[in-house]
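User: I am new to this structure and would like to be led through it step by step. Could we begin with what a term means and then go from single residues to larger elements?

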Amino acid sequence: MSQESIESRFAPILAERENAALTRRRPLATSAQTPEMQINGLQVVNFSSNDYLGLANHPKLKQALQSVDSLSYGSGAAHLVTGHHLEHHLLEDEIADWLGCERALLFSTGYMANLAVQQTLMQKGDWILADKLNHASLIDGARFSDADLKRYPHNDMQALEKRLKQAQADNRQCLIVTDGVFSMDGDFAPLDEIQALAKTYQAWLFVDDAHGFGAVGPHGQGTFEHFGLTPDDNTILMGTFGKAFGTSGAFVVGSEILIETLIQLARPYIYTTASSPINAKVTREALRLVQDADDARHQLQRHIQHFRDGAAQIGLTLWPSESAIQPIMIGDSQRALDWSDALKQQGYWVGAIRPPTVPKNTARLRVTLSASHTSEQIDGLLAALAQCADAFPSQNS
Ligand SMILES: *Cc1c(COP(=O)(O)O)cnc(C)c1O
């Protein structure tokens with residue numbers, strides 16, 4: 001067989017994506033991350049980012065940046081070498097205290113945390129029971145572990161229980177894996193029911209609450225707080241700093257033995273350079289802001305209700321989402337792009353989410369709201385959406 005060139009292998013794949021309206025582009029931001037942004041040279045109101053509390057460009061974080069003289073930008077090494085700075089250590093302690101867990105461990109990204117937890121905890125013969133709509137990083141984490149991955153239909157508790165029964169009969173250790181708030185749909189996992197099932201069948205539970213921490217729950221303590229639940233010793237929680245915290249990185253919280261196991265065994269923790277100590281210091285300030293953000297969380301709730309009421313009036317089909325993620329279902333990928341383009345022309349940046357990020361024929365606009373939006377900006381978006389609904393009438397929503 002003759003060897004192919006990179007071009008002969010990939011040019012047809014790229015062309016196929018282009019034909020199916022699935023080519024990804026990287027919008028170029030030339031301003032700070034705020035509701036009003038310059039993207040691709042357009043002045044727009046941004047409804048696409050995950051900066052739910054408006055912290056990414058917060059003056060207090062900038063102030064924290066000005067008092068980092070004694071810190072180097074680079075950590076210089078992995079955590080187990082010399083990269084584990086006091087600022088990382090303090091941030092871990094403060095996160096654990098905040099969430100009432102024994103211990104926390106920092107990761108450079110949520111993606112890596114999701115790889116680490118599943119690879120490390122789950123062994124050959126174990127089952128990972130994962131919601132079909134879990135974030136891609138959770139799916140990759142399951143694939144890279146030696147366990148068998150079994151996916152259950154979205155939030156389908158009967159299907160989950162059936163799997164748990166099979167696993168019990170087969171004497172398999174299970175890890176139930178779910179988003180707390182689903183990233184492309186905005187709905188919650190029914191954690192009360194999932195936790196009860198986990199207890200009944202002695203499964204472990206791993207919740208990725210990237211979109212919950214900071215934004216969800218009366219004190220921003222995430223989806224467990226929203227449901228009034230407390231995680232037990234067989235529960236692992238993951239959160240990220242790249243969303244409501246407005247910085248970057250991630251953490252896992254849980255029992256002492258869980259965290260020690262990850263430090264000893266988790267390859268995505270061990271074999272990578274520690275994130276910047278400056279990021280840890282600024283994130284400690286972000287945690288204080290998150291703890292103080294009750295007003296912003298109320299504002300966010302008002303915005304969510306306002307947007308949903310307005311969208312219903314226009315006749316758009318709403319998702320059963322109580323979170324800041326408010327998808328508008330379009331279906332066809334090209335049409336989702338048409339809507340998104342028309343909104344951009346009117347000054348509103350709303351991303352079109354297409355397969356493979358979401359299932360086939362479920363392309364959608366993903367509107368994300370932030371406490372830092374104004375009501376006027378949301379009204380403006382609603383007016384622009386009403387125009388789209390008129391301009392693309394075959395959308396029978
Ligand atoms: C963003 C996100 C991640 C990845 O976190 P990063 O820190 O951006 O790598 C993981 N899970 C969910 C549900 C997310 O939304």
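Analyst: A residue is called buried when its relative accessible area is under 20%, exposed when that area is over 50%, and partly exposed in between. Please keep in mind that this is a predicted model.

User: With that cut-off, is Cys-101 buried or exposed?
Analyst: The relative accessibility of Cys-101 comes to 17%. Buried means under 20%, so the value of 17% places Cys-101 among residues that count as buried.

User: And how many disulfides does the structure hold?
Analyst: A disulfide is a covalent bond between the sulfur atoms of two cysteines. Cys-174, like Cys-101, is a cysteine to look at here, and Cys-174 is buried with a relative accessible area of 3%. As for disulfides in the structure, the number is zero.

User: Which residues does the UniProt annotation "binding site" cover?
Analyst: The annotation comes from an unreviewed UniProt entry, and its positions are spread over 131 residues of sequence. They nevertheless cluster in space, with a largest C-alpha distance of 13.6 Å. According to that record, the residues are Gly-110, Tyr-111, Ser-183, His-211 and Thr-240.

User: Which residues does Ser-183 touch, apart from those up to four places away in sequence?
Analyst: Ser-183 sits in the loop that links strand 6 (174-179) and helix 8 (191-200). With a relative accessible area of 4%, Ser-183 is buried. When residues up to four places away in sequence are not counted, Ser-183 touches His-135, His-211, Ile-325 and Arg-366.

User: Is Thr-240 buried or exposed?
Analyst: Thr-240 belongs to strand 8, which covers residues 235-240. Beyond its neighbours within four places in sequence, Thr-240 is in contact with Gly-110, Ala-210, Phe-245, Gly-249, Ala-250 and Phe-251. Its relative accessibility is 7%, and because buried means under 20%, Thr-240 counts as buried.

User: Where is Thr-247, and which residues is Thr-247 in contact with?
Analyst: Thr-247 is placed in the loop between strand 8 and strand 9 (250-254), and at 16% relative accessibility Thr-247 counts as buried. Leaving aside neighbours within four places in sequence, its contacts are Leu-61, Phe-241, Gly-242, Asn-279, Val-282, Thr-283 and Ala-286.

User: At what angle do the axes of helix 2 and helix 12 cross?
Analyst: Two packed helices are described by the angle between their axes and the distance between the axes. Helix 2 (residues 59-66) and helix 12 (residues 277-291) have axes that come within 9 Å, and helix 2 passes helix 12 in a right-handed crossing. On the side of helix 2 the contact is made by Lys-60, Leu-61, Ala-64 and Leu-65, while helix 12 contributes residues including Ile-278, Val-282 and Leu-289. The axes cross at roughly 145°.

User: Is Thr-82 buried or exposed?
Analyst: Thr-82 is part of helix 3 (residues 79-83), and beyond neighbours within four places in sequence Thr-82 is in contact with Ser-75 and Ala-77. Since exposed means over 50%, the relative accessibility of 63% means that Thr-82 counts as exposed.

User: Which residues of strand 1 point to one face and are buried?
Analyst: In a regular strand the side chains alternate between the two faces of the sheet. Strand 1 (residues 36-39) shows such an alternation, in which Glu-36 and Gln-38 point to the other face and are not buried. The buried residues are Met-37 and Ile-39.

User: In which order do strands 1, 2 and 11 form their open sheet?
Analyst: Strand 1 and strand 2 (residues 42-46) run antiparallel and are joined by four bridges, whereas strand 2 and strand 11 pair in the parallel sense over two bridges. The pairing in this open sheet is therefore described as mixed. Its edge strands, each pairing on one side only, are strand 1 and strand 11 (348-349). The order is 1-2-11.

User: Which residue in strand 13 stands opposite Ile-328?
Analyst: Another open sheet of three strands has the order 10-13-12, with antiparallel pairing, and its edge strands are strand 10 (325-331) and strand 12 (351-353). Strand 10 is joined to strand 13 (residues 363-368) by six bridges. Opposite Ile-328, in strand 13, stands Leu-365.

Notes. Residues numbered from 1 in each chain as written. Predicted model: local features only at pLDDT ≥ 70, side-chain atom pairs only at ≥ 80, totals over all residues. Heavy atoms only, no water. Disulfide = S-S within 2.5 Å. Buried < 20%, exposed > 50% of the residue type's maximum accessible area, 1.4 Å probe, protein only. Pairing = 2+ DSSP bridges. UniProt positions renumbered as here; feature names shortened; annotations may be inferred. Contact = heavy atoms within 4.5 Å. Axes fitted to C-alpha atoms, helices over the stretch in contact; angles between N-to-C directions. Left-handed = near helix turned anticlockwise from the far one by under 90°.
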